[in-house]
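Please open the model in your viewer and keep the sequence panel beside it, since each stop on this tour begins with a selection to make.

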Amino acid sequence: MVFPQNINKGKFIVIEGIDGSGLSTQTAILKERLTSEGIKTYQTKEPTDGPVGGVLRLALTKRISITPETFALLFAADRMDHLTKEIVPKLEEGIAVICDRYYFSNFAYQGIDLDMDWLIKLNCKALLPDATIFLDVDPLECEKRRESRMRVEHFEEMEKLSKIREKYLEVLKQLGDETKAKIEIVNANNSIEQVADDILSAIRPIIK
Ligand code: TYD
């Protein structure tokens, strides 16, 4: 796995996890905490609100139908657009970028149906994050959190979330071993405050 290194002054931080793991809450808290320390921070997410992200949202909400392969290609294309238009320019300005989901989502979600080597190749021009935090939560707990917001097919979802979590752990380990990337697994079954503290401690070595 060879991904380009971030040589800019700004640090690139990615937060990952299965649906319901608290990604948007924790990304927002981290931005708030770093900002309060006087660190210039930019918060962003994938899929983006850009042109490719728009097509992805149509597919995610089942208003259009696309194959798993097309999903994978669009997520990777959305990421390149995101890097070029938002992430890299901010890093160049010396601003820390916190990104809610990145290529590990591609590897874990699309990786349950598709060939991992192909998915990695699709993303080979995407910058390696300086730190990746995986919010590890019991799929049963995610399911409970999500059920309080909407009804889901319980067993089907649970089984899928468990598979995605396994893929995440597999690919994070592989990428951690093969690159110099900093990868931290945070126990996200804990309280919001505790998880936020753990994330901050995990990224402290790269943020001064
Ligand atoms: P999500 O973070 O839930 O977006 P929103 O909060 O706007 O609904 O992301 C949408 C879904 O897209 C989520 O289930 C994970 C999935 N996804 C992939 O399958 N592959 C990817 O590469 C990315 C970035 C997301």
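Begin by selecting Leu-56 together with the residues it touches beyond its neighbours within four places in sequence, namely Pro-47, Phe-71, Leu-74, Phe-75 and Asp-78. Leu-56 belongs to helix 2, and in this predicted model its relative accessible area is 0%, so it is buried. For a sense of distance, add Lys-180, which lies 124 residues from Leu-56 in sequence and 31 Å away in space, taken from C-alpha to C-alpha.

Stay with helix 2, which runs over residues 51-60, and move to Val-55 within it. Is Val-55 buried or exposed? Neither word fits, because its relative accessible area of 34% makes Val-55 partly exposed. If you now add Leu-58 and Ile-64 to the selection, you will have a nonpolar surface patch in which these two and Val-55 together offer about 190 Å² of accessible area.

Next, select Glu-46 and Arg-79, whose closest N and O atoms are 2.7 Å apart in a salt bridge. This pair ties together distant parts of the chain, since Glu-46 sits in the loop between strand 2 and helix 2 while Arg-79 is in helix 3 (residues 68-92), 33 residues apart. Both Glu-46 and Arg-79 are buried. Side chains of opposite charge can pair when their charged atoms come close.

Remain on helix 3 and pick Asp-81 and Lys-85, which are four residues apart in that helix, about one turn. Their side chains form a salt bridge with an N to O distance of 2.9 Å. Asp-81 has a relative accessible area of 19% and is buried, whereas Lys-85, with 54%, is exposed.

For another pair, go to Lys-182 and Glu-184, where the side chains meet in a salt bridge at 2.8 Å, N to O. Glu-184, at 28% relative accessibility, is counted as partly exposed. Then select Arg-33, Glu-193 and Asp-197, which are joined into one network by salt bridges that share partners. Across the structure there are 11 salt bridges.

Now display helix 1, residues 23-36, whose 14 residues should span 20 Å at 1.5 Å a residue, in agreement with the 20 Å between its end C-alpha atoms. Colour its buried residues, which are Leu-23, Gln-26, Thr-27, Ile-29, Leu-30, Arg-33 and Leu-34. Around the axis they cover an arc of only 165°, so they lie on the same side of helix 1. Which exposed residues does the face turned away from that buried side carry? There you will find Glu-32 and Ser-36. On the buried side, the residues of helix 1 pack against strand 1 (12-16), strand 2 (41-45), strand 3 (96-100), strand 4 (131-136) and helix 8 (192-203). Just past the helix, look at Gly-38, which follows helix 1 and has a positive phi near 85°.

Finish at helix 8, where the 12 residues reach 17 Å from first C-alpha to last, close to the 16 Å expected at 1.5 Å a residue. Its buried residues are Val-195, Ala-196, Ile-199, Leu-200, Ala-202 and Ile-203. Viewed down the axis of helix 8, these fall within an arc of 160°, so they line one face of the helix. To see what covers them, show strand 1, helix 1, strand 4 and strand 5 (182-187), which are included in that cover.

Note on methods. Residues numbered from 1 in each chain as written. Predicted model: local features only at pLDDT ≥ 70, side-chain atom pairs only at ≥ 80, totals over all residues. Heavy atoms only, no water. Patch = residues over 30% accessible without salt bridge, like charges linked within 9 Å, V, L, I, M, F, W, Y side chains within 5 Å. Areas by Shrake-Rupley, 256 points an atom, 1.4 Å probe, with all protein chains shown as cover. Salt bridge = Lys/Arg side-chain N within 4 Å of Asp/Glu carboxyl O. Helix = DSSP H or I, 4+ residues; strand = E, 2+ residues; numbered from the N terminus. Buried < 20%, exposed > 50% of the residue type's maximum accessible area, 1.4 Å probe, protein only. Expected span 1.5 Å × (residues − 1). Arc of directions from axis to C-beta. Contact = heavy atoms within 4.5 Å.
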